[in-house]
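Q: Could you walk me through this one? I'd like to start with the ligand and then move on to the core.

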Amino acid sequence: MQRVYNFSAGPSALPEEVLKKAQSEILCYGTSGMSVMEMSHRSKDFMSILDSAESTLRELMHVPENYKILFLQGGASSQFAMVPLNLMNKNKKADYVNTGAWSKKAIKEAKRYGAVNVIASSEDKTFSYIPELDIAKFDKDADYFHITTNNTIYGTRYAELPDTGNVPLVGDMSSDILSKNYDVSKFGLIYAGAQKNLGPAGVTVVIIREDLVGNAMDFTPTMFNYKEHIENGSMYNTPPTYGIYLMGLVLNWVKEQGGVDAMEKINIEKANALYNFLDASSLFKSTVSGKDRSVMNIPFVTGNEEVDAKFIKEATAAGFVQLKGHRSVGGMRASIYNAISLEGVQKLVEFMKQFEAANK
Ligand SMILES: *Cc1c(COP(=O)(O)O)cnc(C)c1O
């Protein structure tokens, strides 16, 4: 069986080189005589896997010295609670922008712990754009300001980060971390589930500025307290060892490709190939316009559900899989994370052209 072109939104395609490397080491890692899965998380071999993953991520994202990096579990969804539990600690209020299903979940969770001020929303048009942010509405006393940098389901992203002044910016970067160069120093905290752009499901990356640590609410469960995880070097309990190992391989792969700048350049080429085709097509159209278009997740429709279904069926048969759109948008969605090659996107566009010609 041949590997397919996998446009899954997550868990998503991993670089083939990474999978092959993991395969070659699955029985015996280095001179350990065992699989990484079978190793104590306190062993020398695993400690060095974790240290190296952390330092490679730090290098790739130019994470400043005064930020800690954590590898946790519980997905980005746990961060929806962990962020307010740890950060909503001075004035018990935070600003949120509602740009989609993940933002909504983050808002819902934060409301358990304090006052949430939704300063803008794009829900009126099925989240097909990033709302204009009126700085006059920003609360200067908010404990933090939360955004979802890339909206996986709706295919939008912030072309520019909001300037929140002294209020720490918190970013859910699950679906675009390492896809472009972000200035980490503009954020107080970044979190991301690994399964979109970093590795397999099971690891959650948190990058947090040191001064934000140590003031969690009294009733914060130990496992939800950043301070505990920092003091224990992501080893308060057993970390997701194999996931961290695989993420380390992905990080090395990104480095070999030329780092985040190189990824960004290719990602823009990939996205342009698809958007240019969609904009010229008489059958398919993009559901997002202008500067808010995501470079990672590209939803599109034909406007006819039967034709959409036919397209998905024929695409799958031709080896272009997981193209079905999220149920709230319908149609199709191509997720073109770092591991998807320019060639993969060009092949998809070629297939779409043929489908269009045959279904005029
Ligand atoms: C996938 C995703 C999530 C949810 O991640 P889990 O790891 O399943 O909790 C949250 N936010 C964004 C932007 C996502 O893409």
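What follows is a short exchange about the ligand surroundings, one annotated lysine and the nonpolar core.

Q: Before we start, what kind of model is this?
A: This is a predicted model.

Q: Which residues come nearest to the ligand?
A: There are 13 residues around the ligand, and those that come nearest are S77, T152, D172, Q195 and K196. Helix 3, residues 75-87, supplies the largest share of that shell, with four residues.

Q: What polar partners does the ligand have?
A: Among them is D172, where an N or O atom of the side chain is 2.6 Å from a nitrogen atom of the ligand. A polar side-chain atom of Q195 lies 2.9 Å from a ligand oxygen, and a polar backbone atom of A76 is 3.2 Å from an oxygen atom of the ligand. Taken alone the ligand exposes 390 Å², of which the protein buries 88%.

Q: And K196, is that buried or exposed?
A: K196 counts as buried because its relative accessibility is 11%, under the 20% cut-off. It sits in the loop between strand 9 (189-193) and strand 10 (204-209), and its contacts beyond four places in sequence include T152, S174, S175 and Y337.

Q: What does UniProt say about K196?
A: The unreviewed UniProt entry annotates K196 as a modified residue, "N6-(pyridoxal phosphate)lysine".

Q: Switching topic, how many residues are in the largest nonpolar core?
A: That core has 54 residues, and M61, F71, L178, I207 and Y245 have the most contacts inside it. Its largest share, ten residues, comes from helix 6 (residues 241-256).

Q: What does M61 touch further along the sequence?
A: Leaving aside neighbours within four places, M61 is in contact with M173, I177, L178, Y182, V184, I190 and I207.

Methods: Residues are numbered from 1 along each chain as its sequence is written. This is a predicted model: local features need pLDDT of at least 70, side-chain atom pairs count only at pLDDT 80 or more; totals for chains, interfaces and linings use all residues. Side-chain values use heavy atoms; hydrogens and water are left out. A nonpolar core is a set of buried Ala, Val, Leu, Ile, Met, Phe, Trp, Tyr and Cys residues joined through side-chain atoms within 4.5 Å. Buried means under 20% relative accessible area, exposed over 50%, partly exposed in between (1.4 Å probe, protein chains only). Helices (H or I, at least four residues) and strands (E, at least two) are DSSP runs, numbered from the N terminus. Contact means heavy atoms within 4.5 Å. UniProt positions are given in the numbering used here, feature names are shortened, and annotations may be inferred rather than shown by experiment. A residue is near a molecule or strand if one of its heavy atoms lies within 4 Å of it. A polar contact is a pair of N or O atoms within 3.5 Å; within protein, one must be able to donate a hydrogen and the other to accept it, and residues adjacent in sequence count only if both atoms are side-chain atoms. Accessible areas come from the Shrake-Rupley method with a 1.4 Å probe; for residues, only the protein chains shown count as cover.
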